[in-house]
Amino acid sequence: MTISAKILASGPGWRATEVTCRAGPADPSFEERHDRVCMAVVLEGTFGYRSSRGVATMTPGSVLLGNPGDCFACGHEHGVGDRCLSFHFDPAFFEDVVASIPGGTRLVLDRPALPPSALRTHLVIAADAAVLSTGELEEVALELAAGVVGVEAVGRTRRDARSKRIEELVRWMDEEVERPLPLHALAQIAGLSPYHLLREFKREIGITPHQYLLAGRLRRAAALLRQTPDPVLEIALNAGFNDLSEFNRRFRRTLGCTPGQFRRRSQESRGSARLVAAEALAAARPSARRAAS
């Protein structure tokens with residue numbers, strides 16, 4: 001099996017699933033059908049997504065969209081694998097979200113995807129963190145649904161040779177995000193002029209190469225803050241920031257807190273999750289002993 005799905009949490013009208021795909025260029029794509037409103041945040045990897053609403057290149061930070069009944073297929077033409085946090089909403093739940101957003105009227109998602117955006121970097125980081133701390137998933141689900149309703153999607157539905165070049169470049173950028181990558185160097189790798197790269201990248205991905213790199217560096221830094229005890233300066237350098245003050249400024253502007261505050265909150269969240277699990281286990285033990293007796 002090239003796809004595995006793990007249900008992380010669910011509630012009245014919604015479900016969150018971590019979907020990991022190991023397919024590559026040699027694997028065929030199969031047409032499937034969305035059974036509920038679907039919004040999937042791409043956490044890792046790059047792939048092509050084709051639905052009855054159009055075609056999109058999915059990269060980290062993109063949000064895949066689907067309506068109940070929409071047919072779709074995913075393909076990996078230039079790399080192997082991806083990982084997404086997928087949310088599915090009952091139509092009635094989604095209708096309540098739409099009704100709560102000022103100016104929200106559309107119950108049908110007209111685009112196949114939302115491109116990565118610096119304005120949503122905090123949401124992608126929150127989604128990645130929520131995979132490990134499932135207590136936050138309901139909040140992420142609601143914020144994601146509201147954000148999709150409230151934002152005007154930018155993108156296009158035509159793929160050609162240049163869009164494939166951009167897809168290959170994005171995958172390479174994800175692996176080398178900590179390196180200095182000026183526009184002229186990226187253009188040379190893509191085989192385009194700097195002007196054409198800037199135009200095609202923004203049309204395909206929705207933001208500029210520099211904005212995409214900044215978002216990727218912030219995601220990497222957030223992961224290192226959660227997963228390691230390394231000093232903030234070391235994390236900033238490992239994520240591709242050459243200046244600590246710039247890192248602190250961009251991190252706070254995007255996430256609304258300092259790197260140190262983010263790390264403390266992540267540790268407190270993991271501690272609360274472990275406490276809940278321990279209490280549940282302790283509560284289950286007397287029942288098990290009574291059953292055994």
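Where is the place of His-76? In this predicted model, His-76 sits in the loop between strand 8, residues 71-75, and strand 9, residues 82-89. I will start at that residue and then go through the sheets and the helices.

Is His-76 buried or exposed? It is buried, because its relative accessible area is 6% and the cut-off for buried is under 20%. Its side chain makes a polar contact with the side chain of Asp-82, at 2.6 Å. Leaving aside residues up to four places away in sequence, His-76 also touches a list of others, including Cys-21, Pro-25, Phe-47 and Arg-171.

Now the sheets. One is an open sheet of 4 strands, in the order 3-8-5-6, and its pairing is antiparallel. At its edges are strand 3, residues 32-33, and strand 6, residues 54-58, and each of these pairs on one side only. As background, strands of a sheet pair through backbone hydrogen bonds, either parallel or antiparallel.

Look at strand 6 with its partner, strand 5, which covers residues 47-51. The two pair in the antiparallel sense over 5 bridges, and they form a hairpin with 2 residues between them. Two of the facing positions can be named: Tyr-49 stands opposite Ala-56, and Ser-51 has Gly-54 as its bridge partner.

Strand 6 is an edge strand, so what about its burial? 5 of its 5 residues are buried, and the strand is therefore largely enclosed by the rest of the structure. In a regular strand the side chains alternate between the two faces of the sheet. Here both faces of the strand are covered: Gly-54, Ala-56 and Met-58 are buried on one side, Val-55 and Thr-57 on the other.

The other sheet to show you is also open, with 6 strands in the order 1-2-9-4-7-10 and antiparallel pairing. Strand 1, residues 3-11, and strand 10, residues 113-114, stand at the edges; each has a single partner strand, so one side of each has no neighbour in the sheet. Inside that order, strand 2, residues 14-21, pairs with strand 9 in the antiparallel sense over 8 bridges. One facing pair there is Thr-20 and Arg-83.

Two helices lie across strands of this sheet. Helix 1, residues 91-100, lies across strand 2, strand 4 and strand 9, and runs at about 85° to strand 9. Helix 2 lies across strand 4 and strand 9, at about 85° to strand 4. Helix 2 covers residues 121-130, and 7 of its 10 residues are buried, so it is largely enclosed by the rest of the structure. Among the buried residues are Leu-123, Val-124, Ile-125 and Ala-127.

Last, a pair of helices further along the chain. Which way do helix 7 and helix 9 lie to each other? Helix 7, residues 209-227, and helix 9, residues 244-255, pack at an angle of about 90°, with their axes 11 Å apart. Angles of 65 to 115 degrees count as roughly perpendicular, and the two helices are therefore roughly perpendicular to each other.

In the contact, Leu-214, Leu-218, Ala-221, Ala-222 and Leu-225 of helix 7 meet Phe-247, Arg-250, Phe-251 and Thr-254 of helix 9. By class, that makes 7 nonpolar, 1 polar and 1 charged residues. As for the spacing, an α-helix has 3.6 residues a turn, so residues three or four places apart point the same way.

Technical notes
Residues numbered from 1 in each chain as written. Predicted model: local features only at pLDDT ≥ 70, side-chain atom pairs only at ≥ 80, totals over all residues. Heavy atoms only, no water. Pairing = 2+ DSSP bridges. Axes fitted to C-alpha atoms, helices over the stretch in contact; angles between N-to-C directions. Parallel < 35°, antiparallel > 145°, perpendicular 65-115°, else oblique. Contact = heavy atoms within 4.5 Å. Nonpolar A, V, L, I, M, F, W, Y, C, P; charged D, E, K, R; others polar. Buried < 20%, exposed > 50% of the residue type's maximum accessible area, 1.4 Å probe, protein only. Polar contact = N/O pair within 3.5 Å; in protein donor to acceptor, adjacent residues only side chain to side chain.
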